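Got the viewer open and a selection box ready? Let's walk through this one stop by stop.

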Amino acid sequence: MKKLGFYPGCSLKGSSSEYAQSVLAVAKAFDIELEEINDWNCCGATAAHNMNRELALSLSARILALAEKQGMTEVVVPCAACYNRLTVTQHELNKDEALKQRVCDIIEMPVSGSLQILNVMQLIDKYVADRLEEKVTTPFGHKVACYYGCLLVRPHNILQFDRLEDPQSMDILMKRSGAEPIEWGFKTECCGAGFSVSKTEVVAKLSGNIVKDAADRGAEAIIVACPMCQSNLDMRRPQINEYLKQKIDIPVIYITQAIGLAVGLSPKEVGLQKHFVPVEIG
Amino acid sequence: MSKIGVFICHCGENISATVDCEKVAAEAGKMDGVEFATDYKYMCSDPGQTLIKNAIKEKGLTGVVVGACSPRMHEPTFRKACSEAGLNPYLCEMSNLREHCSWVHEKNEQTTEKAIDLVKMLVEKVKKNKPLNAIKVPITKKALVIGGGIAGIQAALDIANAGQQVIMVEKEPSIGGHMSQLSETFPTLDCSQCILTPRMVEVAQHPNITLYTYAELEHLDGFIGNFKATIRLKAKSVDYKLCTGCGACTTKCPNKKIPSEFNEGLGMRTAIYTPFPQAVPNKPVIDRANCTYYQKGKCKVCEKVCPTGAIQYDRPDQFITEDIGAVVIATGFNVLKTDFFPEYGYGKYADVLTGLQFERLASASGPTLGEIRRPSDGKVPRKIVFIACSGSRDPAKGIPYCSKICCMYTAKHAMLYQHKVHDGESYVFYMDIRAGGKNYEEFVRRAIEDDGVNYIRGRVARIYEKDGKYIVKGADTLLGSKPVEIEADMVVLATAGVSNPGAEELAQKMHVSYDAYKFFAEAHPKLKPVETNTAGIFLCGACQAPKDIPETVGMASGAAAKVIGLFSNNELTREPLIAVVNRSAPPVFSTCVGCFMCQTACPYNAIEREEIKGRDGSVIKTVAKVNPGLCQGCGTCVAFCRSKAIDMQGFSNEQMFAEVMALMNE
């Protein structure tokens with residue numbers, strides 16, 4: 001039984017609880033135990049880094065410090081924003097010794113900066129690897145559009161994950177799960193992010209373009225690895241449909257949900273019922 | 001009895017701003033052996049030099065020290081002046097009071113003291129100088145031109161027409177280079193091959209030019225006037241003495257699906273092939289890497305159909321060695337391929353092309369016979385987007401420089417498209433328009449005003465494909481960075497001009513400098529554009545930096561002029577600042593004991609063995625001998641010699657010791 005650290009972040013405990021559910025279910029199916037960091041706090045997300053640099057770094061640094069303190073060497077971070085914040089923070093601190101010292105003083109904990117931060121794709125590539133094909137009982141035989149969003153692969157020189165334009169990590173995993181990932185043009189286009197609340201019409205337009213392109217190319221599902229993406233493409237579908245003046249039914253599912261279905265987990269086990277746009281496939 | 005003249009230069013203000021030149025001259029006048037000392041504002045000027053010459057004549061000077069700039073700057077100037085006044089030029093030395101003193105220190109007493117010390121050192125050295133005479137070395141009057149594009153062709157013709165011998169080496173099966181791939185040239189829209197092919201034929205037929213195609217430089221030894229070049233003649237598998245160029249073999253070759261390099265991958269060629277119909281020489285070669293016979297042992301159709309039996313399968317590469325006097329590098333450049341651009345599709349979109357690929361589409365002898373058609377489905381594009389500055393001027397992509405020719409050829413491409421497809425729509429996304437040559441600006445205006453090409457100032461962030469069209473997402477910065485989205489049928493990227501893949505290796509073979517982008521380095525960016533830092537090796541064309549045809553031709557003629565100038569003498573004069581092994585009377589003959597450590601140490605293979613023979617012909621001893629033609633005066637042998645039998649002329653042990661002791665003895 002492989003044991004790894006786990007940082008769910010705020011979304012996975014709230015509006016995207018099905019993402020957490022599916023990550024834990026898939027991990028369990030592959031004998032991986034994910035241990036949640038004790039007393040974790042919010043990573044700061046967009047709000048903190050927009051307002052105060054030290055605050056943003058400190059919030060994320062505290063999480064890194066806690067993980068190290070609890071003896072973890074690797075932490076799985078499913079949320080793309082948390083993954084981005086934690087990795088960028090660790091990079092910034094490692095680059096600037098004086099800054100690291102300042103932040104450690106603020107959080108009153110040491111940070112060594114040697115934690116391995118893994119997103120869901122990296123987790124599967126590293127700790128599931130070839131076992132994935134062996135366990136696939138119900139190939140996810142659908143055409144899928146893998147949507148990466150803004151934060152998974154940028155900034156490339158810090159995250160060093162996948163490729164910047166036309167990333168492939170989710171596509172490869174979906175293919176291995178029996179799906180047919182399609183080539184499409186909106187893999188890394190912005191969904192509208194936080195405007196979901198403050199200016200929903202922006203999300204309607206931006207997410208609408210994403211959904212439309214996927215639909216035009218025959219996708220039967222959009223695969224995501226980010227709670228924000230999922231929320232905008234799924235929960236805001238009524239606004240999207242209004243903007244597009246057309247009703248598009250394509251469900252938006254997390255990659256761990258798709259993989260979960262492929263390895264024989266039930267729709268309930270991966271939390272498909274929590275989506276807004278009904279998931280009638282798999 | 002020394003009578004040294006010391007001349008201290010102010011160098012305008014360069015020296016006098018921090019060094020008290022008058023004081024230095026005054027102190028020099030008091031030094032033992034100094035007959036005359038003075039200072040002047042510009043020693044290198046005419047009146048300055050006259051000052052020196054007059055002093056030599058009037059005071060009967062036996063040596064001259066000029067305290068001024070670096071000898072690398074004006075040593076030849078002052079030595080020439082002394083020579084004209086009747087003093088052996090090697091009795092004139094320079095003390096570097098500028099680069100070594102005034103330019104690196106603040107203005108104070110210590111700086112002046114240092115200057116005085118520097119002068120004292122050279123005065124003591126000059127007292128030990130001996131008159132020397134320049135060495136004459138023969139020159140091989142044969143030039144090697146590497147590269148058979150327009151640059152090499154022009155240089156070769158100029159040298160050959162001046163009556164000198166030329167060897168041209170071209171690595172492709174035909175000469176012509178990139179210019180032969182172009183459709184029409186700016187600003188006149190002349191057909192490129194029409195103006196080039198007559199010159200190609202002239203090269204092939206010129207009695208003074210020996211052309212080796214499908215050949216590369218293997219090795220270059222020697223030095224100016226006396227190079228030895230080893231050339232690899234790659235195995236063509238065809239005997240050109242028997243081949244008549246009938247083309248039966250290329251017609252019958254069953255292997256027809258090899259992407260054509262000449263057509264930039266847009267068309268196919270056979271395994272036995274000539275690159276294009278107007279190739280010079282118009283005889284084929286076999287591409288062994290793709291030939292069925294060489295790869296699988298079957299076929300041999302070409303041998304069967306050849307009427308003269310010219311096919312020779314199993315000849316290996318041949319090597320020839322030639323004595324050469326000068327080398328002209330004209331190896332040209334390359335353009336980036338579309339796979340360099342992640343935001344434009346990683347090269348996977350069939351209708352996203354480079355400028356050079358578009359040239360092949362527009363060319364009458366190209367894969368579409370001059371019709372602009374999409375490689376994906378053969379349809380004529382109704383909307384084309386041209387993107388200038390693809391890769392160039394982009395530090396994030398590692399190419400901060402401008403590729404110079406793209407603004408012009410992009411306008412040309414758009415014009416050609418509009419001429420061929422009257423109702424077509426063309427868009428050019430640009431950052432700036434660089435049209436600095438003669439008639440260039442007018443050419444671009446023609447594209448905009450007469451041919452209706454839409455110029456949009458802005459960059460293209462992404463291209464993706466949808467339903468067979470290419471969605472080009474750019475911005476119009478003149479309209480406040482308004483996003484612009486165009487559904488194009490074809491996109492042409494003006495990709496950056498870069499160095500050729502083998503450039504670094506070639507430069508290292510010839511000991512020629514190159515820059516971070518592997519473009520060859522000129523000796524001086526302003527005043528020596530066609531020379532390199534390696535004497536006898538000249539540069540022309542795009543191998544030095546991206547440039548257009550008129551500049552290339554001008555540079556090629558410039559390089560040729562240098563070669564012709566070099567060959568206009570029968571001998572080359574070399575500086576006599578070389579090592580010499582001492583010789584004396586019998587029975588000693590030389591203090592050299594024949595250990596030949598110097599020979600091992602010499603980086604230039606300049607040391608030979610000399611047998612000293614008695615009258616009866618028997619060998620008394622074998623001593624070292626320096627070849628005056630090869631020695632570069634580095635002094636390594638002098639440092640190695642245990643017997644102090646070898647010494648440097650102009651920098652002898654005695655002279656060096658005198659300089660050091662001048663500082664020690666206060």
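Start with chain A and colour it by domain: the centres of domain 1 and domain 2, taken over C-alpha atoms, are separated by 23 Å. Bear in mind as you go that this is a predicted model. For the selections, use 2-120 for domain 1 of chain A and 137-274 for domain 2 of chain A.

Now show the contact between those two domains. Domain 1 of chain A puts in 23 residues, and domain 2 of chain A puts in 25 residues. Stay on the domain 1 side and pick out helix H1 (9-13), helix H2 (17-29) and helix H5 (80-95) of chain A, the elements that each give two or more residues to it. Which of them gives the largest share? That's H2(A), with 9 residues. Colour this side of domain 1 by residue class and you'll get 11 nonpolar, 11 polar and 1 charged.

Next, bring up both chains. Their contact takes 5 residues from chain A and 6 residues from chain B. On the chain A side, the classes come out as 1 nonpolar, 1 polar and 3 charged.

Over to chain B, which needs a longer list of selections: domain 1 (4-134), domain 2 (135-234 + 317-332 + 509-569), domain 3 (235-315), domain 4 (334-498) and domain 5 (579-648). Try a distance between the centres of domain 4 and domain 5 of chain B, taken over C-alpha atoms: they are 65 Å apart.

Zoom in on a helix pair in chain B. Select helix H1 (residues 21-30) and helix H5 (residues 109-127); they pack at an angle of about 40°, and their axes lie 9 Å apart. That angle makes H1(B) oblique to H5(B). The crossing is right-handed. Turn on side chains for B:Lys23, B:Val24, B:Glu27 and B:Ala28 from H1(B), then B:Thr112, B:Ala115, B:Ile116 and B:Val119 from H5(B), which together make the contact. By class, that's 5 nonpolar, 1 polar and 2 charged.

Last stop: an open sheet of 3 strands in chain B, ordered S24-S25-S26 with antiparallel pairing. Where are the edges? Select strand S24 (460-466) and strand S26 (482-488) of chain B: each has a single partner strand, so one side of each has no neighbour in the sheet. On average, neighbouring strands here are turned by 20° against each other, direction ignored. Now follow strand S25 (residues 469-476) of chain B along S26(B), where the antiparallel pairing runs over 7 bridges. To finish, click B:Gly474 and look across to its bridge partner in S26(B), B:Val484.

Conventions:
Residues are numbered from 1 along each chain as its sequence is written. Chains are lettered from A and ligands numbered from 1 in the order in which they are written. This is a predicted model: local features need pLDDT of at least 70, side-chain atom pairs count only at pLDDT 80 or more; totals for chains, interfaces and linings use all residues. Axes are lines fitted to C-alpha atoms, for helices over the stretch in contact, and angles run from 0 to 180 degrees between N-to-C directions. Helices (H or I, at least four residues) and strands (E, at least two) are DSSP runs, numbered from the N terminus. Angles under 35 degrees count as roughly parallel, over 145 as roughly antiparallel, 65 to 115 as roughly perpendicular and the rest as oblique. A crossing is left-handed if the near helix is turned anticlockwise from the far one by less than a right angle, and right-handed if clockwise. Two residues are in contact if their C-beta atoms, placed from the backbone, lie within 7 Å. Ala, Val, Leu, Ile, Met, Phe, Trp, Tyr, Cys and Pro count as nonpolar, Asp, Glu, Lys and Arg as charged, and the others, Gly among them, as polar. Domain bounds come from an automatic or database domain assignment. Two strands pair if DSSP finds at least two bridges between them.
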